[in-house]
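Trainee: Could you take me through one part of this model closely, residue by residue, with the cut-offs stated as you go?

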Amino acid sequence: MNWLDAQPPKSVVYVSFGSIATMTRDQLLEFWHGLVNSEMRFLWVLRDNLVVNADGEHDQQINSRYVSDVWKVGLDMKDTCDRVIVEKMVREMMEEGERSVGMRRSASEFAEKI
């Protein structure tokens, strides 16, 4: 928390896959590369059981679409886990565009309700 408190306002991306999503090690590494390549500060929450050994059905798509389309506080990667896409989306989220301003507004509304 000390590190987070020391960062400038609106300068840290929060990354979480929720409680259901799973991914392979390769997908996790792609996501990590995208975050690092974005050159943005990030706080990444990883569960112990996030990484699976074999490819299979992933629930991440359901959660990400809900967060993106219903709550409007995140971006949906459209079932793609690629470092270039992750980097692009992180940059888009952190720049002062219409989409990022809307997500920040939605996040602030959630914070007020909570």
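Mentor: What follows starts at R104 in helix α5, then moves to K10 and on to strand β1.

The model is predicted: local features need pLDDT of at least 70 and side-chain atom pairs count only at pLDDT 80 or more, whereas totals for chains, interfaces and linings use all residues. Residues are numbered from 1 along each chain as its sequence is written, and side-chain values use heavy atoms, with hydrogens and water left out.

Helix α5 spans residues 98-113 and holds R104. Helices (H or I, at least four residues) and strands (E, at least two) are DSSP runs, numbered from the N terminus. R104 counts as buried because its relative accessible area is 18%; buried means under 20%, exposed over 50%, and partly exposed in between (1.4 Å probe, protein chains only). A polar atom of the R104 side chain lies 3.5 Å from the backbone oxygen of M94. A polar contact is a pair of N or O atoms within 3.5 Å; within protein, one must be able to donate a hydrogen and the other to accept it, and residues adjacent in sequence count only if both atoms are side-chain atoms.

Leaving aside residues up to four places away in sequence, R104 touches M93, M94, E96 and K10, where contact means heavy atoms within 4.5 Å. Of these partners, take K10 next: K10 sits in the loop between α1 (2-5) and β1. K10 is exposed, because its relative accessible area is 61%, whereas its partner R104 is buried at 18%. The backbone of K10 has a positive phi of about 60°, although K10 is not a glycine.

Strand β1 covers residues 12-16; V13 and V15 make up its covered face, and V12, Y14 and S16 its uncovered one. In a regular strand the side chains alternate between the two faces of the sheet. Strand β1 runs parallel to β3 (residues 41-45), and 5 bridges join the two; strands pair if DSSP finds at least two bridges between them. On the uncovered face of β1, V12 stands opposite R41 in β3.

The loop between α2 (25-37) and β3 contains E39. Phi of E39 is also positive, near 60°, in a residue other than glycine. E39 is exposed because its relative accessibility is 69%. Positive phi values thus occur in two loops, one between α1 and β1 at K10 and one between α2 and β3 at E39.
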